[in-house]
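Reader: I'm new to reading structures. Could you show me this one and walk me through it?

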2 protein chains.
Amino acid sequence: MKTEIYTCPGFTFSGCASGLKKNGENDLGLIYSETAASAAGVFTRNRVQAASVKLDMERIQSGKCQAIIANSGNANCCTGEQGELDNLSMTRFVASEMGIPEEMVLVASTGVIGKPLPIQKVEKSVPELVRLLSRNGISEFARAIMTTDTVPKIVTGKGEINNIPFTITGVAKGSGMIRPDMATMLCFVCTDAASDPKLLQEMLFKSVEQSFNRITVDGDTSTNDMVLLLANGVSGAVIRNQDQISVFQNQLDQVLLTLARMVVKDGEGATKLVEISVESAKSDQDARCIAETIAHSNLVKTALFGEDANWGRIIAAAGRAGVEIMPERMDIFFNDVCMVQNGIGCGPVAEAEATKVLKTSEFVIRVKLNMGKGNSSILTCDFSIDYVKINADYRS
Amino acid sequence: MKTEIYTCPGFTFSGCASGLKKNGENDLGLIYSETAASAAGVFTRNRVQAASVKLDMERIQSGKCQAIIANSGNANCCTGEQGELDNLSMTRFVASEMGIPEEMVLVASTGVIGKPLPIQKVEKSVPELVRLLSRNGISEFARAIMTTDTVPKIVTGKGEINNIPFTITGVAKGSGMIRPDMATMLCFVCTDAASDPKLLQEMLFKSVEQSFNRITVDGDTSTNDMVLLLANGVSGAVIRNQDQISVFQNQLDQVLLTLARMVVKDGEGATKLVEISVESAKSDQDARCIAETIAHSNLVKTALFGEDANWGRIIAAAGRAGVEIMPERMDIFFNDVCMVQNGIGCGPVAEAEATKVLKTSEFVIRVKLNMGKGNSSILTCDFSIDYVKINADYRS
């Protein structure tokens, strides 16, 4: 058996246990670029923002970054002035240890909201974190940002620009508070390609739009979500013209989409990864509204968990999406099995076939409205007993 | 011990088991008014509507009704033309048995969507249903409309107009697919006061607005929801001028609000009844948006189930409500315990006190925004393991 080692030229990674998590797991991670990298970021739209989000939104304006420090076990959000100071300190510890300007360090936090950050633990651990930096350290970093995730999430993509190979490596954490509303978790992406920061930002935004903005776990949005992309250019592959952009965008899309799928698949308590595809709506916007409403419906999600082909809940969710539909025109498919035609159930044989689909771990629910040309799709997961257990007990 | 018998002069009620429910429980019910009554109705806003909803919306235009037949165990929704015919048949059976015009009969259904209604079972049982009609039959009726409800829900209010006493008796069923978006379950209200149908409709609408439109269980809206109000006037109390309207409205509000609370309290898997009260928002509309977002948040609701004073989830839900808030001004109270002041947690002593509140079965979460004069409140319940169990297994 071969274990893939994820790396990205010119970047080093580390993770360690600073004591922020009670269970002794990694909770502090560092990403370092040998040279100052171009930087882009997409941040939560939540009006309540953690100290890390506020600071990074400011610093990313420069378009430059050389290091990212991230912690789990504490969101450092709603922690007032002290929280802002602690957040600044995190970047200062790294800057002074690495000998780089403070402004070149970004920071991310994830965990419980409203608890003061034990900054001494971070301070004590930063020298170790720096010492541990290595090209192969990303899996340690990935473990350091996990909260209720059950598996670390790392993806690598490779491409060529003008015959020069480049790498994109991304790492993400989920797995609750996930909703399609701009950046929905923590995700850090490194590439050795070179790009102007403005262009980098555009490409990141596009990729996020069709990946992290198309997933949902429980419909909540976090105060700490961000996706950061660093491009250090050490490969010599430069992204400038439209062809080069296409090549890079395509790889970036793949990396982010794969990470997004991993986040949903590892959604809190999730046992199934389900794509809700809404077709032939009056507009893409309408299709999106319906897909989101179905993807968020607790009744639909519990039926998925129960492997119950209860299409009435799907049609009822579509009906409350706030957009015009004609139930008598609706068709619903589970993969290729037609369950509903013209708004009426296709009977017990179809239901038995659909139930077989429901017993698999990944499938598509297609809702055809037969009203126009609008399409949209969203990835969701089922809603299990474990989701409730995880979230009822999260802090204890 | 005294068992209260709920009645309403001039009305008779019955319920029986026709076999629509597999478990042999009551599933067919009848309400009959000795004289033709004024009638008003509020119906689901879902764009997918059961045959019963469509027919009643048409028939209620006349402002008159003398009987309501209701069934559980089958929603008769998305059942096509046959479903419409079966729905009409239900009213015809009653009309012919009672010797009243078919148009004077309204119909309601609740249960699984998309299954053909076994109309023969209804036909066979209607004579028995009519035979069983009695002044004291409302508890049999109440059981006949239950689905996942664990208790029947009946409330009576009494008042006086010009020294003439009148009665309002309401019966309702929940307990999933409950969301504040116009009439959110089945509810039938009988009064022996007299009113013009137009006025009756206005009063009903007002009452629903501040009762059933202010509750949520799981955020889904049904295809079959309705609230019907019949006023047969046999008491001689006539509602006409503003004073009389006030007296009646007040009683009607009480009856509907009590039923609404009972529906949430008996929400699927619910162990707690929680009022989310949002105060001093920029506008009532803003307050309403925030209250709804908090009331629907799965993370908030699972924390309530876990009796975890995780106020970060409340503040995060407020932050994604789509309206302007200033986190640094927010205060959060659990009953009278201040947990958050100016967006920052009040520490472990407050948290311990708040946890005591969380261990009770009914309490208020007050969110003060300190931004203006807008207020709104919503009743919700917690989100338990049993909710998932009930809804994963519902049809099996």
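**Two copies and two odd loops**

Author: Sure! Turn chain B by 180° with 0.0 Å of shift along the axis, and it superposes on chain A with an RMSD of 0.0 Å. The fit is by least squares on the C-alpha atoms of residues with pLDDT of at least 70 in both copies. This is a predicted model, where local features need pLDDT of at least 70, side-chain atom pairs count only at pLDDT 80 or more, and totals for chains, interfaces and linings use all residues. Residues are numbered from 1 along each chain as its sequence is written, with chains lettered from A and ligands numbered from 1 in the order in which they are written.

Reader: What kind of axis has that relation?

Author: Superposing B on A takes a rotation of 180° and 0.0 Å of shift. In chain B, the C-alpha nearest the axis belongs to Ile385(B), 2.7 Å from it. That relation is the one of a two-fold axis.

Reader: Is Asn76(B) buried, partly exposed or exposed?

Author: Asn76(B) sits in the loop between β3 (64–72) and α2 (80–98) of chain B, and its phi is positive, near 40°. Buried takes 20 or more other C-beta atoms within 10 Å, exposed 12 or fewer, and partly exposed lies in between, with C-beta atoms placed from the backbone. Because Asn76(B) has 31 such neighbours, it counts as buried.

Reader: And what is the phi of Asn370(A)?

Author: Asn370(A) is in the loop between β13 (362–368) and β14 (374–381) of chain A. Most residues other than glycine have a negative phi. Asn370(A) is not a glycine, yet its phi is positive, about 50°.

Conventions:
Helix = DSSP H or I, 4+ residues; strand = E, 2+ residues; numbered from the N terminus.
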